[in-house]
Amino acid sequence: MALDDNKRQYLSRLEGKTYFILGDEACAYGALFAGLDFFAGYPITPASEIAELIASELPKAGGISIQMEDELASMAAIVGASWTGARTMTATSGPGFSLMQENIGYAIMTESPCVVVDVQRSGPSTGQATKPAQGDVLQARWGTHGDHNIIALAPNSVQECFDLVLECFDLADIYRTPVILLMDGEVGHIRESVVMPQVSSIEHASRKIAARSAEVFGGEELVPGMIHYGQGQNVHVTGSTHLANGMRDVTTPHVHDVLIKRIYDKIDKNREKIVRVETDLDDKKKARVGVISYGASARPARGAVRAARAKGKSVDFLRLVTIWPFARTQVADFAKDLDIILVPEMNLGQLSREVERFVSGEVVSVPRIGGIPHTVDEIYDAVMEVVR
Amino acid sequence: MIIRFAGFGGQGIVVASYIVVKSAVYDGKRAIQNQAYGSESRGGESRGDVVIADEEIYELEPTSYDVLVALTQPAYETFIPLLKPGGTLILDKDLVVADKKLEPKRIKRHALAATDIAFKKFGRKIVANMIILGYMNALLHPVSQESLERAISETVPKGTEKMNLDAMHEGMRLAGEAK
């Protein structure tokens with residue numbers, strides 16, 4: 001989507017500059033560079049700084065920011081606004097993310113592009129409200145009911161909070177689906193340097209617009225075009241099973257089958273295009289041990305891999321930038337010669353189970369809960385225990 | 001270099017850590033600032049961590065430090081065991097009673113009456129954090145003086161720049177005396 005003059009003018013004051021800011025703030029700025037038009041949210045630690053910055057800055061760029069009565073309404077508002085052609089976003093943490101699940105399902109079923117930021121904190125429930133965790137990895141995948149696919153990305157630095165939110169908006173528009181930026185309270189609440197890009201260097205993806213409203217929910221393509229309200233065409237948008245023209249048909253098995261398989265397949269069949277990982281392989285020796293991590297955990301994990309190599313041990317490293325859809329091909333390829341794969345994450349082993357499904361070697365979960373991230377030393381110790 | 005500032009909400013702990021790390025970024029270093037606060041953010045525990053390095057930073061929440069600035073007794077007692085042997089401890093001597101039994105080996109202890117001087121000399125207890133910043137930078141040079149002054153001027157509320165810079169210079173003077 002092209003940026004309008006208001007946004008360009010606003011961003012011209014920021015472009016090219018280096019800021020020393022929180023991950024949350026970087027996420028908010030990233031959304032502004034993505035051309036965010038509409039934000040609706042409800043404050044919650046450790047995500048409040050996103051809403052705070054957007055509330056003060058988005059109106060200057062000609063957009064609208066609303067504090068809603070709760071997270072259910074926030075999610076509903078960004079779905080509605082998306083159908084006017086707006087790029088929309090909300091931001092929350094675990095408890096709010098739970099409340100959003102119903103309307104995330106609605107966004108999936110109605111194929112409404114939007115971005116949901118979850119800055120994960122220690123739960124369940126109010127848990128350790130101000131402390132970081134990565135406990136929503138599977139909630140992001142399966143939090144809403146029914147068969148569906150989801151896209152979720154996990155930043156591991158403040159710069160990446162900025163970069164990945166831009167990517168989330170593009171993925172949302174390309175695949176006409178809600179996209180989740182799965183931050184964690186650690187990466188959201190550290191301050192690091194962020195370089196703001198030149199506005200002209202950013203290519204924003206565009207939504208496909210349907211020629212006829214009769215094919216807004218079907219037709220030949222896996223991702224059909226949308227129509228935008230207020231531009232002369234009408235279409236019925238419903239969370240119930242519907243035909244290509246949007247009208248309800250909740251009784252014909254074939255209609256449901258076609259709709260849900262297409263919504264599932266548009267992400268599943270584009271898995272290789274969507275998924276991004278980063279590898280750091282030992283180029284000197286053939287490693288038998290590997291470490292897979294993501295988000296804030298990937299920082300001490302990489303530090304531990306580097307420390308082990310400094311001691312002459314051969315260890316490979318893979319970081320998942322895309323959490324969902326799962327990088328099954330990349331993980332299987334990474335692990336094909338490995339005997340043992342360690343998976344440090346700030347939960348009791350949510351993604352390690354997914355890793356297990358696609359590798360033949362032994363998978364060792366390196367969990368960390370309690371509101372503090374892993375130290376380099378504890379992952380290093382776990383590596384040294386299994387490496388020869 | 002890893003520095004932990006610890007005290008309670010309202011002492012300018014997080015601001016002090018923010019200023020140091022911002023100065024480090026101006027110096028062209030890699031730097032991370034991290035902070036912790038309770039759900040009750042006023043009056044409760046407050047700490048700000050600073051990591052300054054030439055290379056990529058892997059440890060997001062350090063578990064030991066080269067420098068500990070302790071401005072309350074609980075902060076001192078909680079964090080002093082995690083100061084690295086040979087590290088530097090800076091404390092406010094009116095707010096913290098040091099206990100050698102708790103302290104790691106060979107640490108260098110600096111006790112100054114930062115809060116008292118801040119009140120008597122500047123009429124504002126809050127600038128104790130600037131006195132400590134000046135003291136620490138004169139002693140250990142984690143950041144350049146130029147960057148420190150720039151970061152202070154940019155960070156403190158408008159109209160208070162001079163008072164804050166004066167307080168920082170007072171800290172430098174005290175460090176000179178201590179040497």
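**Exercise 1. The contact between the chains**

How many residues of chain B are in contact with chain A, and which elements supply them?

*Solution.* Start with the count: 15 residues of chain B are in contact with 18 residues of chain A. Contact here requires C-beta atoms, placed from the backbone, within 7 Å. This is a predicted model, in which local features need pLDDT of at least 70, side-chain atom pairs count only at pLDDT 80 or more, and totals for chains, interfaces and linings use all residues. Residues are numbered from 1 along each chain as its sequence is written, and chains are lettered from A, ligands numbered from 1, in the order in which they are written.

Next, the elements. On the side of chain B that touches chain A, helix H1 (13–26) and strand E2 (30–37) each supply at least two residues. Helices (H or I, at least four residues) and strands (E, at least two) are DSSP runs, numbered from the N terminus. E2(B) gives the largest share, five residues.

Last, the classes. This side of chain B has six nonpolar, six polar and three charged residues. Ala, Val, Leu, Ile, Met, Phe, Trp, Tyr, Cys and Pro count as nonpolar, Asp, Glu, Lys and Arg as charged, and the others, Gly among them, as polar.

**Exercise 2. The build of each chain**

Describe the elements, extent and burial of chain B, then of chain A.

*Solution.* Take chain B. It has six helices and six strands. From the N terminus on, they run β-α-β-β-β-α-β-β-α-α-α-α. The C-alpha trace of chain B spans about 40 × 40 × 40 Å along its principal axes. Its radius of gyration is 15 Å, which agrees with the value near 16 Å for a compact globule of 179 residues. The radius is taken over C-alpha atoms, and the globule rule is 2.2 Å times the number of residues to the power 0.38. Buried residues make up 48% of chain B. Buried means 20 or more other C-beta atoms within 10 Å of the residue's own, exposed means 12 or fewer, and partly exposed lies in between; C-beta atoms are placed from the backbone.

Now chain A. It has 14 helices and 15 strands. Its radius of gyration is 21 Å, close to the 21 Å that the rule gives for 388 residues, so chain A is as compact as a globular protein of that length. The trace spans about 65 × 50 × 40 Å. Buried residues make up 52% of chain A. An automatic or database domain assignment divides chain A into domain 1 (5–201), domain 2 (213–272) and domain 3 (278–386). The centres of domains 2 and 3, taken over C-alpha atoms, are 39 Å apart.

**Exercise 3. The nonpolar cores**

Which residues touch the most other members of the largest nonpolar core?

*Solution.* A nonpolar core is a set of buried Ala, Val, Leu, Ile, Met, Phe, Trp, Tyr and Cys residues joined through C-beta atoms within 7 Å. The largest has 173 residues; Cys27(A), Val115(A), Val117(A), Val165(A), Leu181(A) and Ala70(B) touch the most other members. Helix H7 (residues 158–175) of chain A gives the most to this core, twelve residues. Then follow one member. Beyond its neighbours within four places in sequence, Leu181(A) is in contact with residues including Cys27(A), Val115(A), Val117(A) and Val165(A). A second, separate core of seven residues includes Phe217(A) and Ile227(A).

**Exercise 4. The two sides of a helix**

Where do the buried residues of helix H5 (residues 145–155) of chain B sit around the axis?

*Solution.* The buried ones are Ser147(B), Leu148(B), Ala151(B) and Ile152(B). They cover an arc of only 135°, so they lie on the same side of H5(B). The arc is that of the directions from the helix axis to the C-beta atoms. These residues pack against H1, helix H4 (128–140) and helix H6 (161–178) of chain B. The face turned away carries the exposed Glu146(B) and Glu154(B).

**Exercise 5. Backbone details**

Arg176(A) and Arg106(B) both have positive phi. Is each buried or exposed?

*Solution.* Arg176(A) has phi of about 50°. It lies in the loop between H7 and strand E8 (178–184) of chain A. It counts as buried because it has 25 C-beta neighbours inside 10 Å. Arg106(B) has phi near 60°. It counts as exposed, with 9 such neighbours.

Methods: Two residues are in contact if their C-beta atoms, placed from the backbone, lie within 7 Å.
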